[in-house]
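Here are my notes for you, as someone coming to this one fresh. Have a look at the picture, then read through the points in order.

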Amino acid sequence: MPKIIFLPSEEHCPEGLEAQAESGETILDVALRNGIEIEHACEKSCACTTCHVVVREGFDSLEESDELEDDMLDKAWGLEPESRLSCQAKVEGEDLVVDIPRYTVNQVSENH
Ligand code: FES
């Protein structure tokens, strides 16, 4: 069974967390099932960017993002080459290391 290591994130999981994942499960669903409340403002329909994460290890094992996801990702705060929308990125066979960005677009616009 693949696992996901969530790196420590002050707001979401200060200690970090290692979670078991089912193949085919999205990163977001694994996080939510383990009590990590990644935002998902559009209810996982690839219409916002609040579920943005950066896949630090195992990125290449994921199925490539489609055009819609890429378009949305372009609007994400703190975009990196290994960014994904966690509601769209499904765990395949490999372990992943996932970083949850500190801000989402929603928070940035609220705070500034
Ligand atoms: S929850 Fe909106 S794009 Fe993932």
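1. A word on terms before we start: helices (H or I, at least four residues) and strands (E, at least two) are DSSP runs, numbered from the N terminus. Ser83, which I'll come back to, sits in strand E4, residues 83-85.

2. Some ground rules. Residues are numbered from 1 along each chain as its sequence is written, and side-chain values use heavy atoms, with hydrogens and water left out. Keep in mind that this is a predicted model: local features need pLDDT of at least 70 and side-chain atom pairs count only at pLDDT 80 or more, while totals for chains, interfaces and linings use all residues.

3. Now the overall layout. The chain has 3 helices and 5 strands. Reading from the N terminus, the order is β-β-α-β-α-β-β-α.

4. How about size? The C-alpha trace spans about 40 × 35 × 25 Å along its principal axes. The radius of gyration is 13 Å, which agrees with the value near 13 Å for a compact globule of 112 residues (taken over C-alpha atoms; the globule rule is 2.2 Å times the number of residues to the power 0.38).

5. On burial, 44% of the 112 residues count as buried. Buried here means under 20% relative accessible area, exposed over 50%, and partly exposed in between, using a 1.4 Å probe and protein chains only. The chain exposes about 6,200 Å², and carbon and sulfur atoms supply 45% of that; the areas come from the Shrake-Rupley method with a 1.4 Å probe.

6. Contacts (heavy atoms within 4.5 Å) reach a long way along the sequence. Of those with a separation of 6 or more, 64% are between residues 24 or more positions apart.

7. Charges next: there are 8 positive and 27 negative ones, and their mean positions are 2 Å apart. Lys and Arg count as positive, Asp and Glu as negative, and His and the chain ends are not counted. Each charge is placed at NZ of Lys, CZ of Arg, CG of Asp or CD of Glu.

8. Back to Ser83: is it buried or exposed? Ser83 is buried, because its relative accessible area is 4%. Its side chain makes a polar contact of 2.8 Å with that of His52, and a polar atom of the Ser83 side chain lies 2.7 Å from the backbone nitrogen of Glu80. (A polar contact is a pair of N or O atoms within 3.5 Å; within protein, one must be able to donate a hydrogen and the other to accept it, and residues adjacent in sequence count only if both atoms are side-chain atoms.) Beyond four places in sequence, Ser83 also touches residues including Val54, Phe59 and Leu73.

9. Met1 comes in the segment before strand E1 (3-6). Met1 is exposed, because its relative accessible area is 67%. Still, Met1 touches Gln20, Ala21, Glu22 and Asp95, leaving out residues up to four places away.

10. The loop between helix H1 (27-33) and strand E3 (52-57) holds Cys46. Cys46 counts as buried, at 5% relative accessibility, and among its contacts beyond four places are Leu68, Met72 and Cys87.

11. One last thing to check is phi. Most residues other than glycine have a negative phi. Cys46, though not a glycine, has a positive phi of about 60 degrees. Glu43 lies in the loop between H1 and E3 and has a positive phi too, near 55 degrees. Glu43 is exposed, with a relative accessible area of 59%.
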